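Please read the sequence and the structure together. The paragraphs after them go from single side chains to strands and cores.

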Amino acid sequence: MRVRHIKPMLATLVDKPFDADGWLFEVKWDGFRAIAEVENDRVEIYSRNLLSFNKRFSPIIKSLQGHKLKAVLDGEIVILDSRGKSRFELLQHYQQTGKGNLVYYVFDLLFLNGKDLRSQPLLERKKLLKKILPRNALIKYSEHVLDHGKKLYEKAKKQTWEGIMAKDYQSPYRAGKRTKEWQKIKNRPQQEVVIGGFTKPSGSRKKFGALVMGVYERGKLLYIGHAGTGFDEQTLNLVYNKLKPLIQKNPAFKNPPETRGETTWVKPKLVGEVAFEEWTEDGHMRQPAFLGLRPDKKASEVRKELPK
């Protein structure tokens, strides 16, 4: 089996939902983007940065086997809670706890039986995908609605989903490109961050108090805020154990923040995701809350994401 190692097509963040002829709208799943290359019983599934997910999500591999399928799929690996909502924090601990329902939501078809479909319109690819995709408890087709994004966005807010996707249904698949033909509309601001340090814990808190976070701009790591909420004991231990080997003497930030109390600096290797209220005038996040680590993202690629 020759693995193609395709980087997924990416979407542009926009600030509000819309209705438009010629567009389809999908749920924005809160998980790990994953390309699956399937050739009968041989399956490779990997992240947007080509890291293998085969071991981490082996039940998905088994669910894609045995269907006489030769295809390359694009989708999102999520953990659903008891209400059917995708929850990123459950995905963080799935290997340790096994809690939640593991699902691979598939929304695009790039190759079928050796034929490259990426130049075909999205709607045609999705129609074909719906016909050939094996369905079981772990593999599901990601449904869409046509033309009416505002209604789906209102549902997303009521159900507290992460948001919705808007896609020009005539669009080809532009591997590795971020394009306005695919757009994302979020219910609340979220931002990928590079962890550059942590503060000393206080009170009953163990391991660390808050993470010191930044994003890259023109090759320099810029400080954008501290996140001290969003951690349970399990997450504290997970993050702390990954940070300990990265401890260094000096800050990696171009503009290291003034911090209260003792701060431990680390090599800027780990990527996390946070939710927050808004950006302040000085470019910091207001009330950031930690959601989890992003092993599928490279620190050097993390940029401030502002809606267009």
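In this predicted model, Phe-25 has a relative accessible area of 0%. Buried is defined as under 20% relative accessible area, so Phe-25 counts as buried. A search of the whole structure returns 16 aromatic pairs. One of them is made by Phe-18 and Phe-25, whose ring centres are 5.5 Å apart and whose planes make an angle of 70°. Planes over 60 degrees apart count as edge-to-face, and the pair of Phe-18 and Phe-25 is therefore classed that way.

Phe-32 and Phe-53 also form an aromatic pair, and this one is stacked, with 5.7 Å from centre to centre and 15° between the planes. The pair links distant parts of the chain, its members being 21 residues apart. Phe-32 belongs to strand β3 (residues 32-39), whereas Phe-53 is in the loop between β4 (42-46) and α1 (58-64). Both rings come from buried residues: Phe-32 has a relative accessible area of 0%, and Phe-53 is at 4% relative accessibility. Phe-32 and Phe-53 are joined by Phe-57, Phe-88 and Tyr-94 in one aromatic cluster.

Phe-57 appears again in the largest nonpolar core, which has 33 residues. The residues with the most contacts inside this core are Phe-57, Ile-45, Ile-60, Leu-73, Ile-77 and Tyr-104. At least two residues of the core are supplied by each of β3, β4, α1, β5 (70-80), α2 (88-92), β6 and β8 (139-141). The largest share is that of β6, with five residues. Another core lies apart from this one; its 32 residues include Phe-208, Tyr-216, Trp-265 and Val-271. In soluble globular proteins, nonpolar side chains tend to be buried together.

Turning to strand pairing, which strands does β10 join? Strand β2 (residues 19-28) is joined to β10 by six bridges, and β10 is joined to strand β11 (residues 178-186) by five bridges. The pairing of β2 with β10 is antiparallel, and so is that of β10 with β11. On the β2 side, Trp-23 has Asp-168 of β10 as its bridge partner. On the β11 side, Gly-163 has Lys-186 as its bridge partner. Strand β10 (residues 163-168) is mostly covered, with five of its six residues buried.

Charged groups also meet aromatic rings in this model. The charged end of Lys-167 sits over the ring of Phe-107, at 4.2 Å from the ring centre. Lys-304 lies over the face of Trp-279, and here the distance to the ring centre is 4.4 Å.

Two residues remain, each with an unusual sign of a backbone angle for its residue type to be read against its place in the chain. Asn-113 is not a glycine, yet its phi is positive, near 50°. Asn-113 is found in the loop between β6 (101-112) and β7 (115-116). Exposed means over 50% relative accessible area; Asn-113 has 57% and is therefore exposed. Gln-287, likewise a residue other than glycine, has a positive phi of about 55°. The loop between β19 (285-286) and β20 (289-293) holds Gln-287, which counts as exposed at 58% relative accessibility.

Note on methods. Residues numbered from 1 in each chain as written. Predicted model: local features only at pLDDT ≥ 70, side-chain atom pairs only at ≥ 80, totals over all residues. Heavy atoms only, no water. Buried < 20%, exposed > 50% of the residue type's maximum accessible area, 1.4 Å probe, protein only. Helix = DSSP H or I, 4+ residues; strand = E, 2+ residues; numbered from the N terminus. Pairing = 2+ DSSP bridges. Phe/Tyr/Trp six-rings, centres within 6.5 Å; stacked < 30°, edge-to-face > 60°. Lys NZ or Arg CZ within 6 Å of the ring centre and 35° of its normal. Core = buried A, V, L, I, M, F, W, Y, C linked by side-chain atoms within 4.5 Å.
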